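Here are my notes on the structure for your reading. Please keep the sequence and the 3D view open as you go through the points.

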Amino acid sequence: MTTGGRASGESVPDRTQSFGEEVLGTLLDRAHVLPPHRIGPIVADAVGRLGGRDISVLLQDYGQWLLVPLPSDGLVTGDPQSIDGSHAGRAFLDTHSVEVSLGDGVRVHVPLLDGGDQVGVMSVTLNSVDDDVRRLLRRIACVVADMLVTKHSYTDLFFLSRRREPMTVAAEIQWSLLPPLAMIMPRVAVAGILEPAYDVAGDSFDYALNDDMLHVAMIDAMGHGLSAAVMATVAIGAYRHARRSAINLSEIYFFMDQAVADQFGPDHFVTAQMMRLDTATGRLQWVNAGHPAPLLLRGDRVVSRLDSPTTLPVGFGGEEPVISERALKPGDRILCFTDGLIEQHEPGEQPFGERRLIDWVNRVASVRMGPRAMSRSLSHALKNARGGRTTDDATILLIEWLGSSESDHIVL
């Protein structure tokens, strides 16, 4: 036995640094101390070592219509690209790289993914592309997505790049309150969208995946503007605190109810829906506090409403809510929405209504797409069907149970 315990003749693992490891390692080594505005140069350096040029990092705007170039040294900027109808947009929606032949090479658009969420797209031109280059580009894109997400919390750079219109103070509050708009995991997927993106006030949602249990809440605070945003902040904060105390859904309701009543008095309220989904079994539980009933989609169609006994909205001191249950099948989707989607109407006209909502859900769902793309397409289709008008917040949250097998295919 040699000093250090290695047997004589035992093979030594090869720890030499390959080209790919060196590229990624250098990127990682520099990333953790990198100021946000210096992302461009190190991304350009990493991709440049593969022979890449004309590199762009494109971020999704808050309205989910455009991919907007991130301004930074080393990166190519230009006009925003439409998500619908562009090669970069196709990579973004399909979450797969898209290659386009050019006269002087190949333009490759690689989705930037973090935890199943789509951050944006990295676009680069190369003379030629092979499997080794594709693999390294995917891995570089993963590092870039992680950098964008982690550094977002202490800079306004990415926020300002994504913002295409003036944003109200209420909307600023709501966006700071939200979790990522999408989470795609092997057993479960969640995707949401807020409308109007730059003027939302009282609508919000929250979720957390703790072990096998997915926790979800959707709320709609009364009123408009800053007062509604403040009330929503209290309601979501109370929900998170109660959820982290490991209490059941009816107790969570009481905790939220007390917080809103204590802070705003008896004449203010928040409609709410709280859910728990066991991702190992598909067992869904929910409590409805004056909120529109969710829709159950199966086989790309709405098959039922999740009707249940309701209690009074949060803040009104309702009776103990009934916890409803439903067993889901793999592939089932739950669509939660706020009343702004169905109550929109012009003076003297009928509200948009749930029946029309279901018709549009069926139309959009007939084109099979992942939860992230579907929530976006559905929100935009519904806004167009309402004549482009949104006089109240109109929020969508889509939940899909993919099944209990860890090997289930993930469709983004």
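1. In which sense do strand 4 and strand 5 pair, and over how many bridges? Strand 4 and strand 5 (residues 105-114) pair in the antiparallel sense, and five bridges link them. Please keep in mind that this is a predicted model.

2. The link between these two strands is a hairpin: two residues join strand 4 to strand 5. Two pairs of facing residues help to find the register. Glu99 stands opposite Val108 in strand 5, and Val100 stands opposite Arg107 in strand 5. As background, side chains in a regular strand alternate between the two faces of the sheet.

3. Strand 4 and strand 5 belong to an open sheet of six strands, whose order is 3-2-1-6-5-4 and whose pairing is antiparallel. The edges of the sheet are strand 3 (81-82) and strand 4 (98-102), each of which pairs on one side only.

4. Two helices pack on this sheet. Helix 2 (residues 39-48) touches strand 1 (53-60) and strand 6 (117-126). The direction of helix 2 makes about 130 degrees with that of strand 1. Helix 3 (residues 87-94) touches strand 1, strand 2 (66-69), strand 3, strand 4, strand 5 and strand 6. The direction of helix 3 makes about 140 degrees with that of strand 6.

5. The next point concerns a pair of helices further along the chain. How do helix 10 and helix 11 cross? The axes of helix 10 (residues 354-365) and helix 11 (residues 371-385) come within 10 Å and cross at roughly 135 degrees. An angle over 145 would count as roughly antiparallel, and one of 65 to 115 as roughly perpendicular. Helix 10 and helix 11 are therefore oblique to each other. Their crossing is right-handed.

6. Which residues make this contact? Helix 10 contributes Arg356, Leu357, Trp360, Val361, Val364 and Ala365. Helix 11 contributes Met374, Ser377, Leu378, Ala381, Leu382 and Ala385. By kind, the residues of the contact of helix 10 with helix 11 are 10 nonpolar, one polar and one charged.

7. Last, the whole chain. The protein chain has 11 helices and 17 strands. Its radius of gyration is 24 Å, close to the 22 Å that the globule rule gives for 412 residues, so the chain is as compact as a globular protein of that length. Along the principal axes, the C-alpha atoms of the protein chain fill a box of roughly 75 × 60 × 40 Å.

Key:
Residues are numbered from 1 along each chain as its sequence is written. This is a predicted model: local features need pLDDT of at least 70, side-chain atom pairs count only at pLDDT 80 or more; totals for chains, interfaces and linings use all residues. Side-chain values use heavy atoms; hydrogens and water are left out. Axes are lines fitted to C-alpha atoms, for helices over the stretch in contact, and angles run from 0 to 180 degrees between N-to-C directions. Helices (H or I, at least four residues) and strands (E, at least two) are DSSP runs, numbered from the N terminus. Angles under 35 degrees count as roughly parallel, over 145 as roughly antiparallel, 65 to 115 as roughly perpendicular and the rest as oblique. A crossing is left-handed if the near helix is turned anticlockwise from the far one by less than a right angle, and right-handed if clockwise. Contact means heavy atoms within 4.5 Å. Ala, Val, Leu, Ile, Met, Phe, Trp, Tyr, Cys and Pro count as nonpolar, Asp, Glu, Lys and Arg as charged, and the others, Gly among them, as polar. Two strands pair if DSSP finds at least two bridges between them. The radius of gyration is taken over C-alpha atoms; the globule rule is 2.2 Å times the number of residues to the power 0.38.
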